[in-house]
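User: I am new to this structure and would like to understand how its descriptive terms are justified. Please set each value against its definition.

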Amino acid sequence: MSTTSLTSTADAGHIDMHELAPWPQHLTLTDVVAEGLRLSLVWNNGDRGQFPLLWLRDHCACDQCRHPLTRERLVTPMAAVPGLDEARIEHGQLHLDWQDGHHSRFAAGWLHQRRPGEAAIDSLPRPVAWQTPFSPQHVRHADLVAGGNGEKAWITALLRDGLVLLDEGPLELEEVSRLARRIGPLKATNFGARFDVISKPNPNNAAYTSIALALHTDLPNWRQPPDMQLLYCLKNDAEGGGSIFADGIQVAEALRAANPDHFQLLAETAIDFRFQDEEHDIGVREPVIDVGTDGRIREIRFNNWIRDTLHLPADLITPWYEAYHHFWTLLHAPQHQIALDLRPGQMVAFDNRRVLHGREAFDPSTGERHLQGTYLDRDMLESRLRVLARKG
């Protein structure tokens, strides 16, 4: 089955509401050939793809197959595909007439992005390990709240680098909550949806004291620790209290290069993390370093305060401590850290499942230190960036 190539662009009427990125409108189809239970397609740039008929029918985007408003799939799974009467190209698009009377239409660019066997295209930035020296990106508060490129830059830097700074914000209580809600709902934990980092009596967490805090990730005792943390500075005139950060990906890779056995031990050995107070007792058993099947580091769980009793076989305990100490030493090496003195009206946002944070001790008798914080889900940040990309 072959047709003459037409030069008009593909119709964008059948938009996938879960679209990862706008498909290339310049692409058109030039040829379609039926090969058994699949179609072989050719685009005007010379690329080719083979699509099973069952896949094409399942992905039909007409108002019978997708809800006209939500664009969610309405048809139930099929084990066999209805017969195909005709496959043709009209104005660079693929048109299919099925034997049961159904008609399907597909934009050439949409199909090109989804060629079977090709990796899915996504507009999201991939995490990039810090390079020494690392200088975080700054975005002005006014540019973020204006939306568009400022908001894109802030989200992109956070997803790519794991840390970004917002400057020149107002000195208003709950501004961190207002900024977070631009992206999505606040992520509530046992410390609430929004928390104040101040020195206070009878604390249930070391953050609410004036002591120094070694590098750590928050809430590794949760099965799903918070993804992104936002810390908004309202006051910071006490002596000390400087913030420190380290990229867990960078340091874990340094550990893997220096001692692969230590890296493997922390990646393959699950340990217990646990938080307890009068109202909560939350624990989980997971490794310090989480590695995907592709070898990429996905997550760091590191918090020495709430590391629980080490339940390991006797012959594994000493090697584990050696590996853990090695990782600790690398994390706290000056070349792997950045120091930030947050100013009032400045906010730092960072990936809590990748970037470790801490602070120097401060003297509350010399002034006030008040940060307000909250957490956001990565899914909401990724969603917001995709929406902004669709808007151009």
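User: What makes strand β11 and strand β19 a pair, and in which sense do they run?

Analyst: This is a predicted model, in which local features need pLDDT of at least 70, side-chain atom pairs count only at pLDDT 80 or more, and totals for chains, interfaces and linings use all residues. Residues are numbered from 1 along each chain as its sequence is written, and side-chain values use heavy atoms, with hydrogens and water left out. Strands (E, at least two residues) and helices (H or I, at least four) are DSSP runs numbered from the N terminus. Two strands pair if DSSP finds at least two bridges between them. Strand β11 (residues 228-236) and strand β19 (residues 347-351) share five bridges in the antiparallel sense, so they pair under the rule of at least two bridges. Within this pairing, Tyr 232 of the one strand faces Met 347 in β19.

User: To which sheet do these strands belong, and what is its order?

Analyst: The sheet is open and has six strands, in the order β7-β8-β19-β11-β22-β9, with mixed pairing. Strands β7 (137-140) and β9 (194-197) are at the edges; each has a single partner strand, so one side of each lacks a neighbour in the sheet. From one strand to the next the twist averages 25°.

User: Which helices are in contact with the sheet, and how are they directed?

Analyst: Contact means heavy atoms within 4.5 Å. Angles run from 0 to 180 degrees between N-to-C directions, and axes are lines fitted to C-alpha atoms, for helices over the stretch in contact. Helix α4 (residues 149-161) lies across β7, β8 (163-167), β11 and β19, and runs at about 150° to β8. Helix α5 (residues 175-183) packs on the sheet and touches β8, β9, β11, β19 and β22 (369-376); its direction makes about 15° with that of β22.

User: How do you know that the buried residues of α9 line one face?

Analyst: Buried means under 20% relative accessible area, exposed over 50%, and partly exposed in between (1.4 Å probe, protein chains only). In α9 (residues 378-391), the residues Leu 381, Glu 382, Leu 385, Arg 386 and Leu 388 are buried. The arc is that of the directions from the helix axis to the C-beta atoms. Seen down the axis of α9, the buried residues fall within an arc of 165°, so they line one face of the helix. On the other side of α9, Asp 379 and Lys 391 are exposed. The buried residues of α9 pack against α4, α5 and β11. Gly 392 follows α9 and has a positive phi, near 85°.

User: Why does the length of α8 agree with expectation, and where do its buried residues lie?

Analyst: The expected span of a helix is 1.5 Å times one less than its number of residues. Helix α8 (residues 314-331) has 18 residues and should span 26 Å; its end C-alpha atoms are 26 Å apart, which agrees. Its buried residues are Trp 320, Ala 323, Tyr 324, Phe 327, Leu 330 and Leu 331. They cover an arc of only 120° around the axis, so they are on the same side of α8. On the other side of α8, Ala 314 and His 325 are exposed.

User: Why is the pair of Phe 106 and Trp 110 called tilted?

Analyst: Rings of Phe, Tyr and Trp (its six-membered ring) pair if their centres lie within 6.5 Å; planes under 30 degrees apart count as stacked, over 60 as edge-to-face and the rest as tilted. By this rule there are 13 aromatic pairs. The rings of Phe 106 and Trp 110 are 6.1 Å apart centre to centre, with 35° between the planes, so they are a pair and count as tilted. Phe 106 is buried because its relative accessibility is 3%, and Trp 110 is buried at 7%. Elsewhere, ring pairs link Phe 302, Trp 320, Tyr 321, Tyr 324, Phe 327 and Trp 328 into a cluster.

User: Which faces of β13 are covered, and which strands does β13 join?

Analyst: Both faces of β13 are covered: Ser 243, Phe 245 and Asp 247 are buried on one side, and Ile 244 and Ala 246 on the other. Strand β13 (residues 243-247) runs antiparallel to β18, joined by four bridges, and Ile 244 stands opposite Ala 339 in β18. Five bridges join β13 to strand β20 (residues 355-359), also antiparallel, with Ala 246 opposite Leu 356 in β20.
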